[in-house]
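Here is a short note to read alongside the structure, written as numbered points. Please keep the sequence and the 3D view open while going through them.

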Amino acid sequence: RIDENRGANGIGDVELSAGFRLSDDVAFRALAKLPTGRSSRLHGGNAGGALWFDFDPFHGAANWFGYVSAGASYSGQSDVIGAQQKQFVALGGAAIGYRVWRPVSLLVQFNGHTALHEGSGLNALDRPGGQLSFGGRIDLAPKLQLDLGVQEDVLVSSSPDFSIHVGLRYR
């Protein structure tokens, strides 16, 4: 169904997210995915969203932080392999972090989800996915943080083998 033999550069779908604190240790989060990417170049191109809850098991701990999360996502049908796409997917994750010294923290995170497609013949699409990330966070200013990390595919052939993560957070 896909016969792509050359690379492509471009902007993918834009994501907007928000979170609301329900209590000191529970938050409700939402994400909206806008179809700004080009499906013909495999950069996205379909709308979607997700809803999930985060629980902070380390609330009140001095140097430890993290979360346990669970929820679901929805993706509009893709132009490329939409007939095999599962539009609703369960998702979850957990992370643990430790503040080594004031501006620097180390983090380990696991994210997983149910299968994204069925009947494609590709393990990366037809099987549940699981990614393990290792990295760190640097406080650049009181409300500005830089996240750096690497991600490994721990469920073999269920997602990209290796990824690099760079994130800038303002809270």
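1. Confidence comes before anything else, since this is a predicted model. Within the protein, the mean pLDDT is lowest in helix α1, residues 123–126, where it stands at 78, and highest in strand β3, residues 48–55, where it reaches 97. For the protein as a whole the mean pLDDT is 88, and 91% of the residues reach 70 or more.

2. The inventory of elements is one helix and nine strands. Reading from the N terminus, their order is β-β-β-β-β-β-α-β-β-β, and a student may find it useful to trace this order in the 3D view before looking at any pairing.

3. How are the strands arranged in the sheet? They form an open sheet of nine strands in the order β1-β2-β3-β4-β5-β6-β7-β8-β9, and the pairing is antiparallel. The strands at the edges are β1 (14–23) and β9 (162–170), and each has a single partner strand, so one side of each is left without a neighbour in the sheet. From one strand to the next, the twist averages 20 degrees. As background, strands of a sheet pair through backbone hydrogen bonds, and the pairing can be either parallel or antiparallel.

4. The beginning of the sheet can be followed pair by pair. A hairpin of two residues links β1 to β2, and these two strands, the second of which covers residues 26–34, pair in the antiparallel sense over nine bridges. Within this pair, Ala18 stands opposite Ala30 of β2. The next pair, β2 and β3, is also joined in the antiparallel sense, over eight bridges, and here Leu31 has Ala50 of β3 as its bridge partner.

5. The sheet continues from β3 to strand β4, residues 64–75, through eight bridges, with the two strands running antiparallel. Ala50 is worth following across this step, because the residue that bridges to Leu31 on one side has Ser73 in β4 as its bridge partner too. Strand β4 is in turn joined to strand β5, residues 88–101, by eleven bridges, again in antiparallel fashion. Two positions help to locate this pairing in the view: Gly66 stands opposite Ile96 in β5, and Ala70 has Gly92 in β5 as its bridge partner.

6. Trp52 deserves a careful look, and it is found in strand β3. Is Trp52 buried or exposed? Its relative accessibility is 17%, and it therefore counts as buried, the cut-off for that word being under 20%. Leaving out residues up to four places away in sequence, Trp52 touches Ala27, Phe28, Arg29, Ala30, Leu31, Ser69, Ala70, Gly71 and Leu91. Its side chain also makes a polar contact, at 3.4 Å, with the side chain of Asp54. By contrast with these contacts, Arg38 is 14 residues from Trp52 in sequence, and the C-alpha atoms of the two are 27 Å apart in space.

7. Ser105 lies in strand β6, residues 104–113. With a relative accessibility of 3%, Ser105 counts as buried. When neighbours within four places in sequence are set aside, the residues in contact with Ser105 are Phe65, Tyr98, Arg99, Val100, Gly135, Gly136 and Arg137.

8. Val166, in strand β9, has a relative accessibility of 59% and counts as exposed. Not counting residues up to four places away in sequence, Val166 touches Leu146, Asp147 and Leu148. Val150 is 16 residues away from Val166 in sequence, and their C-alpha atoms are 8.9 Å apart in space.

9. Some totals for the protein complete the picture. Its C-alpha trace spans about 50 × 30 × 30 Å along the principal axes, and of its 171 residues 26% count as buried. The accessible surface comes to about 10900 Å², and 59% of this surface belongs to carbon and sulfur atoms. Among contacts with a separation of 6 or more, 43% are made by residues 24 or more positions apart.

Conventions
Residues numbered from 1 in each chain as written. Predicted model: local features only at pLDDT ≥ 70, side-chain atom pairs only at ≥ 80, totals over all residues. Heavy atoms only, no water. pLDDT = per-residue confidence, 0-100. Helix = DSSP H or I, 4+ residues; strand = E, 2+ residues; numbered from the N terminus. Pairing = 2+ DSSP bridges. Axes fitted to C-alpha atoms, helices over the stretch in contact; angles between N-to-C directions. Buried < 20%, exposed > 50% of the residue type's maximum accessible area, 1.4 Å probe, protein only. Contact = heavy atoms within 4.5 Å. Areas by Shrake-Rupley, 256 points an atom, 1.4 Å probe, with all protein chains shown as cover. Polar contact = N/O pair within 3.5 Å; in protein donor to acceptor, adjacent residues only side chain to side chain.
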